[in-house]
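Trainee: Before the details are discussed, may the sequence and the structure be placed in front of us?

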Amino acid sequence: LVKKSAKFSYLASILEEVLRAKEKALVFANHVHLLSAMQTQVEKHYGVPCFKIDGSIEINERQNVIDSFQAVETGAILFLNPITAGMGLNITAANHVIHYSRQWNPALEAQATARAFRNGQTKSVNAYYLYYADTIEEIIHKRLNLKSDISSSLVRATEQSFDDEW
């Protein structure tokens with residue numbers, strides 16, 4: 001994958017730094033086959049524990065996967081589908097969140113990133129958003145930022161108008 005994809009090569013360089021520091025990362029990607037391929041390649045190349053949560057993992061088994069990931073004393077990687085793992089999970093052992101493929105819904109991405117920003121998090125959390133420049137992925141990235149900015153400004157405007165009425 002490193003030889004075939006500049007994006008995966010960049011992901012690998014981020015993971016190398018994470019693992020060298022004996023830290024943990026969450027990697028979000030949309031496609032189940034991609035998650036499986038990344039998990040296999042990273043486990044094989046780095047020899048570190050890698051876990052996965054996607055639609056094939058039963059809901060009642062997801063917490064067991066998270067508990068296993070959190071229990072690892074050294075570096076580890078957890079690959080997740082953002083829709084499957086976007087809500088209700090606390091994964092505070094990770095302090096790196098990598099969005100390998102972007103979501104059209106910035107709120108869904110924010111929920112996925114928030115998995116690491118929970119009560120009990122003791123480290124600074126780094127979030128990465130990977131995309132190819134000068135492609136549709138960059139356009140998606142810019143649109144997501146615009147949607148987030150618009151949403152934030154609407155929320156601020158609404159809060160101000162409520163405050164003004166009081």
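The following exchange concerns a predicted model and proceeds from the whole chain to single residues.

Trainee: In what order do the elements of the protein chain run from the N terminus on?

Mentor: The protein chain holds 5 helices and 5 strands. Of its 166 residues, 43% are buried. Read from the N terminus on, the elements follow the order α-β-α-β-α-β-β-α-β-α.

Trainee: What share of the contacts with a separation of 6 or more comes from residues 24 or more positions apart?

Mentor: The count concerns contacts in the protein chain with a separation of 6 or more. Within that set, residues 24 or more positions apart account for 73%.

Trainee: Which strands stand at the edges of the sheet?

Mentor: The sheet is open, has 5 strands with parallel pairing, and follows the order E2-E3-E1-E4-E5. Each edge strand has a single partner strand, so one side of it is left without a neighbour in the sheet. The edge strands are E2 (50-53) and E5 (126-129).

Trainee: What is the average twist from one strand to the next?

Mentor: The value belongs to the open sheet with the order E2-E3-E1-E4-E5. From one strand to the next, the twist averages 15°.

Trainee: How many bridges join E1 to E3?

Mentor: Strands of a sheet pair through backbone hydrogen bonds, either parallel or antiparallel. E1 and E3 run parallel, and Val27 has Phe79 in E3 as its bridge partner. The number of bridges joining E1 to E3 is 5.

Trainee: Which residue in E4 stands opposite Phe28?

Mentor: Strand E1 (residues 24-28) pairs with strand E4 (residues 96-99) in the parallel sense, over 4 bridges. Opposite Phe28, in E4, stands His99.

Trainee: Which residue in E3 stands opposite Phe51?

Mentor: E2 and E3 are paired in the parallel sense, with 4 bridges. The residue in E3 that stands opposite Phe51 is Leu78.

Trainee: How many of the residues of E3 are buried?

Mentor: In a regular strand the side chains alternate between the two faces of the sheet. In E3, Ala76, Leu78 and Leu80 point one way, while Ile77 and Phe79 point the other way, and all are buried. The number of buried residues in E3 is thus 5 of 5.

Trainee: At about what angle does H4 run to E4?

Mentor: Two helices that lie across strands may be taken together. H1 lies across E1, strand E3 (76-80), E4 and E5, and runs at about 155° to E1. Helix H4 (residues 106-113) lies across E1, E4 and E5, and its angle to E4 is about 150°.

Trainee: Are H1 and H2 roughly parallel or oblique to each other?

Mentor: Helix H1 (residues 6-20) packs on helix H2 (residues 32-46) at an angle of about 50°, with axes 12 Å apart. Angles under 35 degrees count as roughly parallel, and 65 to 115 as roughly perpendicular. H1 and H2 are therefore oblique.

Trainee: How do the residues of the contact of H1 with H2 divide into nonpolar, polar and charged?

Mentor: H1 passes H2 in a right-handed crossing. From H1, Phe8, Leu11, Ala12, Leu15, Glu16 and Leu19 meet Met38, Gln41, Val42 and Tyr46 in H2. These residues divide into 8 nonpolar, 1 polar and 1 charged.

Trainee: Does His141 count as buried or exposed?

Mentor: His141 is found in helix H5 (residues 136-165). Leaving aside residues up to four places away in sequence, His141 touches Arg102 and Tyr131. Its relative accessibility is 14%, and the cut-off is under 20%, so His141 counts as buried.

Key:
Residues numbered from 1 in each chain as written. Predicted model: local features only at pLDDT ≥ 70, side-chain atom pairs only at ≥ 80, totals over all residues. Heavy atoms only, no water. Axes fitted to C-alpha atoms, helices over the stretch in contact; angles between N-to-C directions. Parallel < 35°, antiparallel > 145°, perpendicular 65-115°, else oblique. Left-handed = near helix turned anticlockwise from the far one by under 90°. Contact = heavy atoms within 4.5 Å. Nonpolar A, V, L, I, M, F, W, Y, C, P; charged D, E, K, R; others polar. Pairing = 2+ DSSP bridges. Buried < 20%, exposed > 50% of the residue type's maximum accessible area, 1.4 Å probe, protein only.
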